[in-house]
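Student: Please take me through the terms used for this model, one at a time. I would like each value set against its definition before anything is concluded.

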Amino acid sequence: MADLSHSPEAPRRKLSIDRVLLACAVIAAGLFLFDRPAFWPSIEEALLSLSHTAPFILLAVIAIAVMRATGSEQLMEGAFEGRESRMILVGALVGGLSPFCSCEVIPFVAALLAAGAPLSAVMAFWLASPLMDPPMFLITAGELGLPFALMKTASAVGIGLMGGFGLKALSGSVLLVDPLKPQTPTGCGSCCGSQKPSLKWKFWEESSRRKLFSEAALSNLFFLGKWLLFAYLLQSLLIRYIPAEWIGAALGGDGIGPILLGAILGAPAYLNGYAAVPLISGLLDQGMSNGAAMSFVIAGGVSCIPAAVAVWALVKPKIFATYIGFAVVGAIFAGLAWGVIA
């Protein structure tokens, strides 16, 4: 125990306020103060939407908790072996289906690079990873429909393949000379523990794994719940205060224009992969085209701050710019494809 006898007063513990919940409170307070008739209908609408999504949230929470408790997520770490083309394919598939969060990607990728995995395979993983994971798939399917979720998953894998094989084609060029930064990054220290359990499917037989399961379930339930509540509040504001004809004029209709605009707006408007789902639902209700919706979630998912920081932490600006370029081009292609299919 530290000796505080010579200190005039013990250091005060800082009050930690969750910014997402604070934003929800600010929205509610603003409605109450400036548009009181809209206060309760907006809150009720957000809570009702959240209750409809609740079964998918619970499925997602259970899935990620089981992965954490069993240690099954480590099975993916041994997949980056063999020929470069095979590793690119595996990187895109693992990225599009893995449960890794944006900060957990950093130490995982650092370990891959240290083990000699080619940058092309890592790029495939990087591009696909922030776009889709099991919880996001369930929530996207529940809110936007199974076809949209399947198309986004296919787009994530496709963009990963495009980036991986694109870098492979550039091997030996000036772009790939000394691409990595010298420092070794670490994890975020919050949602991703540095120590992971060994693989054991019957996790309930060990108290430590049962504890890991409950901790992972509760933390992810809180994480998903707060972000979706925030998103549904934003959705209610969007529908209430932004005229549908504005959205329809800017992001509606056929052609490549709305898709390009969706990709451009994706980066600054994208908050979180889970929060984007209700936001897109509200924009679609207001007249956003299907192609623009897909390009928005693809470009925004790859270029959002957590995903981009994971790349910036490890590579030099030229590779980071390449990463963003693949993301934008891939988002446009995904939007064009979904505009035709939907």
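**Values against definitions**

Tutor: Leu260 has its place in helix H10, where helices (H or I, at least four residues) and strands (E, at least two) are DSSP runs numbered from the N terminus. This is a predicted model, in which local features need pLDDT of at least 70, side-chain atom pairs count only at pLDDT 80 or more, and totals for chains, interfaces and linings use all residues. Residues are numbered from 1 along each chain as its sequence is written, and side-chain values use heavy atoms, with hydrogens and water left out.

Student: Why is Leu260 called partly exposed?

Tutor: Buried means under 20% relative accessible area and exposed means over 50%, with partly exposed in between (1.4 Å probe, protein chains only). Leu260 has a relative accessibility of 34%, and therefore counts as partly exposed.

Student: Which residues make the nonpolar surface patch, and which helices each supply at least two of its residues?

Tutor: The patch, of about 520 Å², is made by Ile256, Leu260, Ile264, Val329, Phe333 and Leu336. Helix H10 (256–269) and helix H14 (317–341) each supply at least two of the patch residues. Patches take residues with over 30% relative accessible area and no salt bridge, joining like charges within 9 Å and nonpolar side chains (Val, Leu, Ile, Met, Phe, Trp, Tyr) within 5 Å. Leu260, at 34%, is over the 30% limit. Accessible areas come from the Shrake-Rupley method with a 1.4 Å probe, and for residues only the protein chains shown count as cover.

Student: What makes the pairing of Glu206 and Arg209 a salt bridge, and how many salt bridges does a search of the whole structure find?

Tutor: A salt bridge requires a side-chain nitrogen of Lys or Arg within 4 Å of a carboxyl oxygen of Asp or Glu. The closest N and O atoms of Glu206 and Arg209 are 3.1 Å apart, and the pair therefore meets that limit. The search of the whole structure finds 1 salt bridge. As for its partners, Glu206 counts as partly exposed because its relative accessibility is 28%, whereas Arg209 counts as buried because its value is 5%.

Student: How do you know that H7 and H14 are oblique to each other?

Tutor: Angles under 35 degrees count as roughly parallel, over 145 as roughly antiparallel, 65 to 115 as roughly perpendicular, and the rest as oblique. Axes are lines fitted to C-alpha atoms, for helices over the stretch in contact, with angles running from 0 to 180 degrees between N-to-C directions. The axes of H7 (residues 146–169) and H14 come within 9 Å and cross at roughly 140°, and H7 and H14 are therefore oblique to each other. Their crossing is right-handed, meaning that the near helix is turned clockwise from the far one by less than a right angle, whereas anticlockwise would be left-handed.

Student: What relation do the same limits give for H5 and H7, and for H6 and H11?

Tutor: The axes of helix H5 (residues 119–128) and H7 come within 7 Å and cross at roughly 155°, which makes H5 roughly antiparallel to H7. H6 (residues 134–144) and helix H11 (residues 276–285) pack at about 20° with their axes 10 Å apart, which makes H6 roughly parallel to H11. Both crossings are right-handed, that of H5 with H7 and that of H6 with H11.

Student: Which residues of H6 are buried, and what follows the helix?

Tutor: In H6, Pro135, Met136, Ile139, Thr140, Ala141 and Leu144 are buried. Gly145 follows H6, with a positive phi near 100°.

Student: Why is Ser42 called buried, and why is Phe56 called partly exposed?

Tutor: Ser42 is in helix H2 (residues 36–70), and Ser42 is buried because its relative accessible area is 0%. Its C-alpha atom is separated by 6.9 Å from that of Leu233, 191 residues apart along the chain. Phe56 also lies in helix H2, but Phe56 counts as partly exposed because its relative accessibility is 28%. The C-alpha atoms of Phe56 and Gly142, 86 residues apart along the chain, are separated by 6.5 Å.

Student: How does Tyr232 count, buried or exposed?

Tutor: Tyr232, in helix H8 (residues 207–241), counts as buried because its relative accessibility is 1%. Tyr232 and Ile43 are 189 residues apart in sequence and 9.0 Å apart in space, C-alpha to C-alpha.
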